[in-house]
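Got your viewer open? Keep the sequence panel beside it and get ready to click along.

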Amino acid sequence: MPCSHPGCGARPMKDGDYCFVHDPRPEVVARRQAARCAGGKSKKVKVPRTIAEVKEILGRAMVEGKSPEELAALARIAQTWIAASDKDYDERIKRLEQTHGTNEGNKAQPSSD
Ligand SMILES: [Zn+2]
């Protein structure tokens, strides 16, 4: 069963019905706020620009010993980020095709293997 928050498909905390991001229990809210504060105090806030940087952030979180719930939440953010990047890429290709044509005549035949 995924997280009980509507529209959230994340794995719930092992002792609850919600994921780390949506769990309404006071002790989890406190941990979430502490995590946010720690993030806010960090001097070097770097927005990842490549999938390699996203992997690095996830790797660092694993080394730092984050809980499985926190790692799952991070992985979900990374997944959303990658999906959004893919969408942006598709839109850029679409714009290029509108500007320069689709090159349909040279389209390769679908491979049968
Ligand atoms: Zn959730």
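Here is a tour of this model, one selection at a time.

Before you click, note that this is a predicted model: local features need pLDDT of at least 70, side-chain atom pairs count only at pLDDT 80 or more, and totals for chains, interfaces and linings use all residues. Residues are numbered from 1 along each chain as its sequence is written.

**Stop 1: the whole protein**

Switch to a cartoon view and you'll find 3 helices and 0 strands. Helices (H or I, at least four residues) and strands (E, at least two) are DSSP runs, numbered from the N terminus. Starting at that end, the order of elements is α-α-α. How much of the protein is buried? Just 9% of the 113 residues. Here, a residue is buried if 20 or more other C-beta atoms lie within 10 Å of its own, exposed if 12 or fewer, and partly exposed in between, with C-beta atoms placed from the backbone.

**Stop 2: helix 2**

Select residues 51–63, which are helix 2. Its 13 residues should span 18 Å at 1.5 Å a residue, and the end C-alpha atoms are 18 Å apart, so the two agree. (The expected span is 1.5 Å times one less than the number of residues.) None of it is hidden away: the number of buried residues is 0, so helix 2 lies largely in the open. Now click Gly65, just after helix 2, where phi is positive at about 75 degrees.

**Stop 3: helix 3**

Next, select residues 68–100 for helix 3. With 33 residues it should span 48 Å, and its end C-alpha atoms are 47 Å apart, which agrees. Helix 3 is hardly covered, with 2 buried residues among its 33. Look at Pro68, which is in helix 3. Pro68 has 11 other C-beta atoms within 10 Å, so it counts as exposed. Gly101 follows helix 3 and has a positive phi, near 90 degrees.

**Stop 4: where helices 2 and 3 meet**

Show both helices together. Helix 2 and helix 3 pack at an angle of about 175 degrees, with their axes 10 Å apart. That makes helix 2 roughly antiparallel to helix 3, the term for angles over 145 degrees. (Axes are lines fitted to C-alpha atoms, for helices over the stretch in contact, and angles run from 0 to 180 degrees between N-to-C directions.) Light up Ile51, Val54, Leu58, Ala61 and Met62 on helix 2, then Leu71, Leu74, Ala75, Ala78, Trp81 and Ile82 on helix 3: these make the contact. Two residues are in contact if their C-beta atoms, placed from the backbone, lie within 7 Å.

Zoom in on Ala75: it is partly exposed, with 15 other C-beta atoms within 10 Å. Ala75 and Ala10 are 65 residues apart in sequence, yet 9.6 Å apart in space, C-alpha to C-alpha.

**Stop 5: the core**

Which residues form the largest nonpolar core? Select Cys3, Ala10, Met13, Cys19, Phe20 and Ala73 to see its 6 members. Such a core is a set of buried Ala, Val, Leu, Ile, Met, Phe, Trp, Tyr and Cys residues joined through C-beta atoms within 7 Å. Finish on Cys19: leaving aside neighbours within four places in sequence, its contacts include Cys3, Ala10, Met13 and Ala73.

Notes: Parallel < 35°, antiparallel > 145°, perpendicular 65-115°, else oblique.
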